[in-house]
Amino acid sequence: MFSRALSSVGKSLPFTPTSGRLGQHVNWTRSMSAIAEATGSSTVDEPPPLAAKGRKMKRRPKRATISNALPREWCRPLAPGVVPAYDLAVELLQTDSAQIKSEANLLRTKIQATEEQRMAVAAKGTEVAQDTVDKLDDELEAMRKRLRILEVQGETNLPDVRWRVANAMPDMNKPVDRHLLEQKWRKDGDLDLLMERIHQMRVVPDLLSSLHPSIDVRITANTLGMAHEKAYKIVEPGSFLLPRQTFEPPKVYANVFHADTRLYTLVLLDADVPDEANATYTTYLHWMQPNIPLSANHTTRLLNLNNHTKYIPPHPQQGTKYHCYVLLLLQQPPLNATKYSFNLEARAQADEPTSVHLDIPVVSDKQRKAFNLRGFMREWGFDMRQGGGAHMWREVWDEHVSTIYKDILRTPEPRYGFSRKPDPYAALKHTKKYIS
């Protein structure tokens, strides 16, 4: 019956089929309406949706931001039972982690007992007791070093821990998270690039005899509203900046890997200032700020950096080559100790610095030129071999440097260049060539 009705409808359709996607849609609707009328059916199939012109692109859902403020739990990539080998691997990692954590707990108990013994001996205050205290300190330092290794090994291979650190959600109170971040900085090339530029530009040994950075220092500079650029951009070590980009102090950031709060002194130096008297180069101090507290929990920009020796913008002199500007975070000496240690970190009170507070006087404008960095470090006990941070960039002269000399330094702008070669015929040029 349906076939006969369809045949009769096909002969009696009163319209001319329309071409194109819209025509196919209209023809389908008319055909189904006619069939329903001929057969007396009240059910009509839904017409096919209009096809999009060309290839239809699916819009991918925007991924939510992941951070400590907006955390996301680790999602296991394979459900249990899908790949037995993966299940076995995760089980082995968790078993190994549990064994290491059990050993770490036993070591913590031993450390606590030894620490109580040390405190009891120290309370006697005799000379013999002090020797015993020193021996117990050595034992505690070795045990705490071993404990740190166990704390890292106990979780460093767990997939959820690695995922959390890789997705910018580290817990800086956990030794394993700090360790993974430090290893990323040391092994992924950032530290290698910094040290390569430091040695290429002869910051070592011209300014410092040696340098062993222990914290990751980064800076951002103004992009001056350049097209398709953010307001501030990360500066790669050794790259060139325009003097206009450093009219304002650069924004300084530091990734720190120690749990205790230590004090640092920020120093910014120009290492290529012409020294005419000695026919060489000297230094110029652009910026100094002592007693900056830093710990692993400090993840924001360093603030209040212009309260000591005020910032003066870099101003490379006209006629000179590029100037290297070296920014250092000098680690201040430890408090009541010869060096930083696990014992010092463990005994530190919350938010109380484990470094000596330094009353460094403000450097006057006259003392900025020919600033003796090595003498300054010896005087206040700084040692870059024991840790600290560094960064550097380069600049060359342009017409905007004249503004710095006029408005900030308020001194005549010097100009340098190669002296003219002596002319052996200068005297003859002013004499008569022909004598009558």
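Of the contacts in the chain with a separation of 6 or more, 69% are between residues 24 or more positions apart. The structure described here is a predicted model. The chain has 436 residues, and 38% of them are buried. Its secondary structure consists of twelve helices and seven strands.

## The sheet of three strands

One open sheet is built from three strands in the order E2-E1-E3, and the pairing is antiparallel. Its edges are formed by strand E2 (232–234) and strand E3 (251–255); each has a single partner strand, so one side of each is left without a neighbour in the sheet. On average, neighbouring strands of this sheet are turned by 30° against each other, direction ignored.

Strand E1 (residues 216–222) is joined to E2 by three bridges, and the two run antiparallel. One of the paired positions is Asn222, whose bridge partner in E2 is Tyr232. E1 is also joined to E3, in this case by five bridges, and this pair runs antiparallel as well. Here Val217 has Ala254 of E3 as its bridge partner.

In a regular strand, side chains alternate between the two faces of the sheet. Which residues of E3 point to one face and are buried? They are Val252 and Ala254, whereas Lys251, Tyr253 and Asn255 point to the other face and are not buried. Ala254 therefore appears in two roles, as a buried residue of E3 and as the bridge partner of Val217.## The sheet of four strands

A second open sheet has four strands in the order E5-E4-E6-E7, again with antiparallel pairing. Strand E5 (280–294) and strand E7 (388–395) stand at its edges; each has a single partner strand, so one side of each is left without a neighbour in the sheet. The average turn between neighbouring strands of this sheet is 15°, direction ignored.

Strand E4 (residues 262–275) pairs with strand E6 (residues 323–331) in the antiparallel sense, over seven bridges. Within this pair, Thr265 stands opposite Leu330 in E6. Helix H11 (residues 373–380) packs on the sheet and touches E4, E5 and E6. The direction of H11 makes about 5° with that of E6.

## The surroundings of Val203

Val203 lies in helix H8 (residues 203–206). Is Val203 buried or exposed? Its relative accessibility is 3%, so Val203 counts as buried. Leaving aside residues up to four places away in sequence, Val203 touches Ile198, Leu208, Val326 and Met392. Val203 and Val326 are 123 residues apart in sequence, yet their C-alpha atoms are 7.9 Å apart in space.

## Pockets and the cavity

Rolling a probe the size of a water molecule over the atoms shows where empty space is left. The table lists the volumes of three such spaces.

| Space | Volume |
|---|---|
| Largest pocket | about 920 Å³ |
| Second largest pocket | about 630 Å³ |
| Largest cavity | about 30 Å³ |

The largest pocket is lined by 32 residues, and the closest to its centre are His258, Arg262, Tyr340, Phe342 and Glu345. Helix H4 (127–153), helix H6 (175–187) and helix H9 (342–346) are the elements that give two or more residues to this lining. The largest share, six residues, comes from H6. By class, the lining of the largest pocket divides into ten nonpolar, eleven polar and eleven charged residues.

The second largest pocket is lined by 23 residues, of which Ala168, Pro170, Leu181, Asn255 and Thr299 are the closest to its centre. At least two residues of this lining come from each of helix H5 (159–166), H6, E1 and E3. Its residues divide into 13 nonpolar, five polar and five charged.

The structure holds one cavity of 30 Å³ or more. Which residues line the largest cavity? The lining is made up of Leu93, Asp96, Ser97, Gln153, Gly154, Asn157 and Leu158. Helix H3 (residues 84–122) gives the most to this lining, with three residues. In terms of class, the lining of the largest cavity has two nonpolar, four polar and one charged residues.

Definitions and conventions
Residues are numbered from 1 along each chain as its sequence is written. This is a predicted model: local features need pLDDT of at least 70, side-chain atom pairs count only at pLDDT 80 or more; totals for chains, interfaces and linings use all residues. Side-chain values use heavy atoms; hydrogens and water are left out. Two strands pair if DSSP finds at least two bridges between them. Axes are lines fitted to C-alpha atoms, for helices over the stretch in contact, and angles run from 0 to 180 degrees between N-to-C directions. On a 1 Å grid over the protein atoms alone, a cavity is a set of points where a 1.4 Å probe fits but cannot get out, and a pocket is an open set with protein on both sides within 12 Å along at least five of seven lines; lining residues have an atom within 4 Å of a point. Grid points are joined across faces, edges and corners, and a volume is the space filled by probe spheres set on the points. Ala, Val, Leu, Ile, Met, Phe, Trp, Tyr, Cys and Pro count as nonpolar, Asp, Glu, Lys and Arg as charged, and the others, Gly among them, as polar. Buried means under 20% relative accessible area, exposed over 50%, partly exposed in between (1.4 Å probe, protein chains only). Contact means heavy atoms within 4.5 Å.
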